[in-house]
Amino acid sequence: CGNVTVATQTITIVDNEPPVIHNVPASIDLECNDAVPPLPDDVYATDNCSDVSLVFNQTIVEGFPSGNECFLLPPQMLAPEWSLTLLEFMGSQVYFTLQEGQLITGPETVDGSTAQITATLNSSSNPNGGFYLTLDLINGMDWNSWSNQAWPTSYKDDWNFAGNNYLNWTYYIISNTSVLVGFGDYEGSVLNLEHAPSNLYYGYQLGQAANNLTAAFGSGGWTTYSGTFIDSSQGINTQVSGGSDLAFEHECTEGTGGCPESTIINTWTATDVCGNVTVEEQIITIGGTEPLPTPSPSCSGDFNNDQHVNVQDLLHFSSHYGCIGGNCSATDMNNDSFVNATDLLVFIGFWGNSCP
């Protein structure tokens, strides 16, 4: 007769219990020169009744202490110890040595952060001439932001000193308001500076080993220059243009911190199939409270361990010149598995050092 009866029982299983994340390391505070611990490989998540996914994310936030002042030093490695090199300058490459200078950082912000470097630089080709440098730095950002621009970016580490320090550097753009103004025999000279490379692949680098020449805390970058060059001692008044390299070590004043405070935030996020979410963080705070220690004299190049870098060490170096591979590690001063002219330049930078 088609009579139908339907009875329904509904069983609803509700999962309101979030997953559990195991083995997340504790947050820590580090000094400027402390090594950042490696990421743990044993972090995992469990759930009471379903599968669970675990996602890791790392954020690096660089600090910009307002009014942070650092005095400038030339990179303590090269001979001569230049801080500015003008390439293609009057038909040659001219070095400029640092007499005095300072860096002052700007507001405590990441986006739009600014800094300025001022320095007095003497010419190696004319002891009576030189330039006053004003280098305006804008758009300071951390590595996480710099490495995620709309264009390709990277960092410069020609001498292999950076290691993982580049993750904590500040990256700036050099403003076109930057300038070199002549003094002495160069009085009347004005060279306008612009960021190089023009595609912004490299930024102006600030941090430990960021000067691109030594492992010390400092900064470095590259510009183009163009303008009027005057040398009254030689009757020169002409237009010049070309590229330049800038490199400084920094000695920061007491209380400002030897390196900008930075924070690494390691985040693990666990999600079960019902949408319950658990987030665990490890926060690593680096520096910002103590100035960097003054470096002790380097004994690099003292191959015979007599506490002096002299002719005997040069003879030792010469006997290994041309060495290839792991058997020449002592004289391979830039760790590229070759002993060549590049290593000789590094060695010369230590010439005359006495080590305690």
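**Strand pairing, aromatic contacts and a nonpolar surface patch**

Strands β8 (residues 113-123) and β9 (residues 129-141) pair in the antiparallel sense, with nine bridges between them. The model described here is predicted. The two strands, β8 and β9, form a hairpin in which five residues separate them. Within this pairing, Thr118 stands opposite Thr134 of β9. Of the 11 residues of β8, eight are buried, so the strand is largely enclosed by the rest of the structure.

Aromatic contacts were examined next. The count of aromatic pairs comes to 17. In one of these, the ring centres of Phe56 and Trp268 lie 5.1 Å apart and the ring planes meet at 50°, so the pair is classed as tilted. Phe56 belongs to strand β4 (residues 52-62) and Trp268 to strand β16 (residues 262-272); the pair therefore ties together parts that are 212 residues apart in sequence. The two partners were also assessed for accessibility. Phe56 is partly exposed, at 35% relative accessibility, whereas Trp268 is buried, with a relative accessible area of 5%.

A tilted arrangement is also found for Tyr202 and Trp222, because their ring planes stand at 50°, with the centres 5.9 Å apart. Tyr202 is located in the loop between β12 (190-196) and β13 (204-208), and Trp222 in strand β14 (residues 217-231), so that the pair links distant parts of the chain, 20 residues apart. Tyr202 counts as partly exposed, with a relative accessibility of 21%, while Trp222 is buried at a relative accessible area of 10%. Trp222 has a further contact with a charged side chain: Lys156 lies over the face of the Trp222 ring, at 5.5 Å from the ring centre. Elsewhere, ring pairs join Phe89, Phe96, Phe131, Tyr186, Tyr225 and Phe229 into a cluster.

A nonpolar patch of about 430 Å² is present on the surface, made by Val311, Leu314, Leu315, Ile348 and Trp351. The most is given to this patch by helix α2 (residues 311-319), which provides three residues. Leu314, one of the patch residues, is found in helix α2 and is partly exposed, with a relative accessible area of 31%.

The loop between β17 (277-286) and α2 contains His308. This residue, His308, is partly exposed, with a relative accessible area of 38%. His308 and Phe350 are 42 residues apart in sequence, and their C-alpha atoms are 9.6 Å apart in space.

Methods
Residues numbered from 1 in each chain as written. Predicted model: local features only at pLDDT ≥ 70, side-chain atom pairs only at ≥ 80, totals over all residues. Heavy atoms only, no water. Patch = residues over 30% accessible without salt bridge, like charges linked within 9 Å, V, L, I, M, F, W, Y side chains within 5 Å. Areas by Shrake-Rupley, 256 points an atom, 1.4 Å probe, with all protein chains shown as cover. Salt bridge = Lys/Arg side-chain N within 4 Å of Asp/Glu carboxyl O. Helix = DSSP H or I, 4+ residues; strand = E, 2+ residues; numbered from the N terminus. Buried < 20%, exposed > 50% of the residue type's maximum accessible area, 1.4 Å probe, protein only. Pairing = 2+ DSSP bridges. Phe/Tyr/Trp six-rings, centres within 6.5 Å; stacked < 30°, edge-to-face > 60°. Lys NZ or Arg CZ within 6 Å of the ring centre and 35° of its normal.
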